[in-house]
Amino acid sequence: MAAHEVDEVYECQRFFGPLGWKAPLSVLDAPEWSDAQGNPVALARKPSEDDAGWEVVVSPATDAQGWQHATVFKHLEYKRPGGRAVRRINDTVRRRLWRRRAGTAAADAPAVAVPGDAAGAPAAAAAATAAARAGGSSIAAAGAATTAMAAAEASREAREAEAKRQAIKGFVSLVLDLLSRRQVWTLVPWDPAAVFFLYKKHQEVYQELQAQAIERRLFTADQPAPPSQLREGRTLLQDLICAGMHSRAAYGFPAAAGMMSTVTDYIKLQTIQPLTFDAVGGVSVEANNESVAALAGIAVEDILMAEWRNSPYRPCHYVAIDQANQCIVVSIRGSLQLGDLLSDLHAAPMEVDIAGADGWVHQGIFSAATYVQCNTQAALQEAARRCPGWPVLLTGHSLGGGVAALLTLLLQEAGLPEGLGPARCITIGTAAVMSRPLAEACNELVTSCILGSDVVPHLSAASVEELLLEASEASPVRRTVQEWSNKLADVLNKNTSQRQEEVTVALNSSKIAGSWRVVKELSQSASGTALSRIASLVAPAGTGQKQQQQQQQQQAKQVPVIEQQQLVQEQQRPTAAQQARQAPRSIPILDLSSPEQAQQGEQAAAVTASASEAACEQQQQQQQQQQQGSSDDISTPLAATDCALIESAIAQEAAAASSDSASGSSAGGNGAGGPGNPELLYPPGRILWIFPGDERLMDSTEAEEQLQAMDAAWQGPAGASDSEEEEEAREASGQGKQHSGAAVAAQQHQAAAASGAGAGGESGSRRGGNELTNLDPEVQGRGAVNIGEAAEAVEAGHAHGGSGSDDGGGGDATSQRKAPIVVDADRTSFERLLLMPDMLNDHLPDRIVAALQQL
C-alpha cells in the first residue's frame, strides 16, 4: 500500500517507576508514534522541542508541555472530571500531539503512516531525507519563536519567585513592626480560657450590632428591592444574585464539584485531596472554563479570557459576556492557593491617591488589582466590540472582592475602553481593603454584600492586633498574676518603709551611744559650759521638740484663733521634700502594661495632681475671704464642702480625659490609628448586611404583638373568657403585683416548674405569671404541648391576620421565619474582629448565594 504524509503525530509514553517516562516496550501496547487512529508512524527524524519544523500542541485540555494523562491509552479518548492535564496517583500513561509548523512542509522530513505494507517504509524514509535537505527561512523564524516563548516562561518564573520573596518580606516586616510596638506577653493569651471568655463577650457585641443594624432594614423577601444600578428595569436583588453566581463561578472546578460547600470540605480540599489529585492547581483550563459556564449560566464561547495560573499578586480571574443579564462580567477568584495566601498576608496599609480620593489600602490586594487591570484590557476591548454599550460588572468573593473594588477605582481613574457602559462593582464577602475616607468615597460605585457573622470583612492588620490584645487581657491567669503582683508590690513597699524606720532608729541610737564617750571626757570639768553641754547630750531626743511646742503654745495665746488655725495647718502640712523622703520607693515586680498605657497613667496622675492643687488654692482663698469679712459660723463647713465637690468634679474630668486619650490611641473609632499603629481598613463602598432567618430580630412593636398572640394561643378557648375588666380588677386588688418585676416573674416561673401542677393551678390561664405545663388540668385533655410547634403556629396566625388558631398556615410561617433580611449597615460595625460560631460558614460562597436566592 502506498505511503502518505501526515501533518500531526501523537507521542505516547508509559511510566516505569524509577526509570520514569519511557516509550512503550510491549508489542501489544500503543506505539511510540501514532496517528489519530492509533496506527504506527515511521519517522526519519523524531520531533523534539529543539526541532523547528514541529511544535507541541498546547490546548486548554493539556498541561504546559501538551501532555494528557490516563490509566490506559484507551481512556484518553474521553473526558474525565477535572481534566487530564495533571498526572494523578494512578495514571501510568500519557500522550501529546505534535503538529507541523506552517510553511515547513518541504523543509522537514515527512511523517509517513504505515498502514500495513512495511516494504514501502524505506522508500518513504528516503523521500523524507531528501526533502529535509531543503531548509528555509521559515525554520529560523519558527526557532526564534520557540526561543522567545522559552525566554518569556523563564522571565515569568523569575517574577513569580521575586513576588514570593516580596510578599514574605512584607509579612515579616508587619510582624516585626507589631513586636516593636507591643510586648509579646500582651499579644498572646496566657491560657485557653481567654478564648472562651472572649467568645462569650463577642456574642454579646454581635447581638448589639445586630439590634442596631436591624433598624436600617432595606428589604426582605416580602418587600420589593431597590432599583438596579447596572441597567433600568432591574432590581438590586437581581444584580446581587448575578454577582454572587459569578463570584462563586470564579473558583472553577472545586466549586462545581461541591468541594467548597462546607468548611470541612474546604479543609479536605487543602489537606487530603492533593494526596490523590490536586483539584485546584491540577485542573485543566478546559475543565475550569466548563465549570464557570455551568455555575454562572453562560456558554463556554462567551468566556473571552480566563487566567487560572496563580502566583502572589496574580489572582485567577476571567472576563465573560453574560447574555441573560446583558452585562460584561469581570470576576476575580478568592483565596484558594499559596499565591493568594501570600497576597493576603502582605497586609501592611499603603497610602494612595486614586480616583480623586486619598486614603490607605491593603498593599497586597492593591498590587493584585493593578495586575488584573493590565491583564484584562484586551478582553474588555473585545467585549466593547462585540457588545457595545453594555455595562461592566466587577465582582469577586473574599480576596477577589477586594481586588474588584480597587480595580473599579483604577478603571474609573484610567477610563474604560471606548464603547463600554458604566462600571459597577458588587463584592461578596469582601475583605477589608480601604480606609474609611476612601471606602466612603466609592459608595456610588461599589456595593459590598456581607452575610451574618462573616469574619473576612472584619480582617485587617489593626483589627487583628486589637483582637490579640483583647484576648490577652481576657485571660484569667493574667488577671490573677496582675492582682498578686500588685499585692506583692504593696507588701515589699511596706517592708521597705519599715526597714527605713529601723535604719533611722539605729542611727539615732548610735549618736546617743557616741555621746556618752564625750560625757566621760567632760565629767572631770566642773565649769558651767561643760555641764550645759553634758545636759544637752544626755537630754532625751524629744525634749527639744517638747520645748519648742511649749514655746509655740505660749506664743499662740497671743495670736487670734483664726491665725492659730492657719499656723496649725501649715505645721501639719508636710513639705514636698519630706514627702519624697518619707514615701517608700515602689519596687516593680511584673510590668504588664504597655508604654502607651504607662504614659497615659502619668498624664492622668499629672492632671489629678494639678486639679488637687487648684482645689487647695481655691480653699485657701475662700478661707481668707472668710477671715476678712465673714462672721458666720456655717461658712467654714460650707466652703470645705464646696471645695470637696469641686475637687471631685475636677478628678472626674481628669479620669474622663485619660480614658478618652487611651481609647484614641488604639486603632479604632474614626479609623485613624495612633502613632505607629496601622490604619484600620473597612469593606469598600456601600455595605449590605444580610442576616439569615435564624438570626432575625424584631423591633419592640413586633415583639409586643408576638407576645400578645402567644398569650392568646396559650389561653385557648378556656382562657378567652377573661375580660379586660377582670384583669383591671385583679391588678386593683393587688394580685397583679406578682407580675410587677422580671425577677419576681422568674422566681415564680422556677417555682412553677419545681412544684408541677400545684403552682400552675391558681393562675393557669395567664402565661405571664405561672406558665402552663403538661401536668395542668387544662392541658392534659389536649396532649403534650410542643413549644416549637406552638410558636410556629402563633407566628403563622399573626402573619395571616393575627388569629390565634392552632391549625393552618404552618408552612407559610416557617418560610417567613427563615427568610433573610437585608439591612443598610453602618461601617463602624466592622471595626472589630469578632469570634462567632458561624464566622467561617457565613463566608462560604454557596451559603451566600443560597441566602440571596431565598430573598
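Glu-153, Arg-156, Glu-160, Glu-307 and Arg-309 are linked in one network of salt bridges. The model in which this network appears is predicted. Within the network, Glu-153 pairs with Arg-309, and their closest N and O atoms are 3.1 Å apart. This pair links distant parts of the chain: Glu-153 sits in helix α2, while Arg-309 belongs to the loop between β11 (303–307) and β12 (317–322), and 156 residues separate the two. Glu-153 counts as partly exposed because its relative accessibility is 33%. Arg-309, at 29% relative accessibility, is also partly exposed.

The general idea behind such pairs is simple. Side chains of opposite charge can pair when their charged atoms come close. The structure as a whole holds 30 salt bridges, and two further examples can be followed here.

One of them joins Glu-470 to Lys-201, with the closest N and O atoms 3.2 Å apart. Glu-470 is in helix α13 (residues 461–473) and Lys-201 is in helix α3, so this salt bridge ties together parts that lie 269 residues apart in sequence. Is Glu-470 buried or exposed? With a relative accessible area of 13%, Glu-470 is buried, since buried means under 20%. Its partner Lys-201 is partly exposed, at 40% relative accessibility.

The other example stays within a single helix. The side chains of Lys-487 and Glu-483 meet in a salt bridge with an N to O distance of 3.6 Å. Both residues are in helix α14 (residues 476–522), and because they are 4 residues apart there, about one helical turn separates them. Lys-487 is partly exposed at 40% relative accessibility, and Glu-483 is partly exposed with a relative accessible area of 43%.

From charged pairs the path leads to the nonpolar interior. In soluble globular proteins, nonpolar side chains tend to be buried together. In this model, the largest nonpolar core has 67 residues. The residues with the most contacts inside this core are Ile-328, Val-330, Leu-394, Val-403, Met-434, Leu-438 and Trp-689. Helix α11 (residues 399–414) gives the core its largest share, 9 residues.

Ile-328 shows what the surroundings of one such core residue look like. Leaving aside neighbours within four places in sequence, Ile-328 is in contact with residues including Val-319, Ala-320 and Ile-321. Its contacts also include Leu-380, Ala-383, Cys-387, Trp-390, Pro-391, Val-392, Leu-393 and Leu-420. Apart from the largest core lies another one, of 24 residues, among them Met-260, Leu-295, Ala-296 and Ala-320.

Nonpolar side chains also appear on the surface. Ile-168, Phe-171, Val-172, Val-175, Leu-176, Leu-179, Val-184 and Val-188 make a nonpolar surface patch of about 640 Å². One of these residues, Val-184, is placed in the loop between α2 (137–181) and α3 (193–213).

Some totals complete the picture. The protein chain has 28 helices and 20 strands. Of its 855 residues, 40% are buried. The chain exposes about 45400 Å², and carbon and sulfur atoms supply 55% of that area. Among contacts between residues at least 6 apart in sequence, 71% join residues at least 24 apart.

Conventions:
Residues numbered from 1 in each chain as written. Predicted model: local features only at pLDDT ≥ 70, side-chain atom pairs only at ≥ 80, totals over all residues. Heavy atoms only, no water. Patch = residues over 30% accessible without salt bridge, like charges linked within 9 Å, V, L, I, M, F, W, Y side chains within 5 Å. Areas by Shrake-Rupley, 256 points an atom, 1.4 Å probe, with all protein chains shown as cover. Salt bridge = Lys/Arg side-chain N within 4 Å of Asp/Glu carboxyl O. Buried < 20%, exposed > 50% of the residue type's maximum accessible area, 1.4 Å probe, protein only. Core = buried A, V, L, I, M, F, W, Y, C linked by side-chain atoms within 4.5 Å. Contact = heavy atoms within 4.5 Å.
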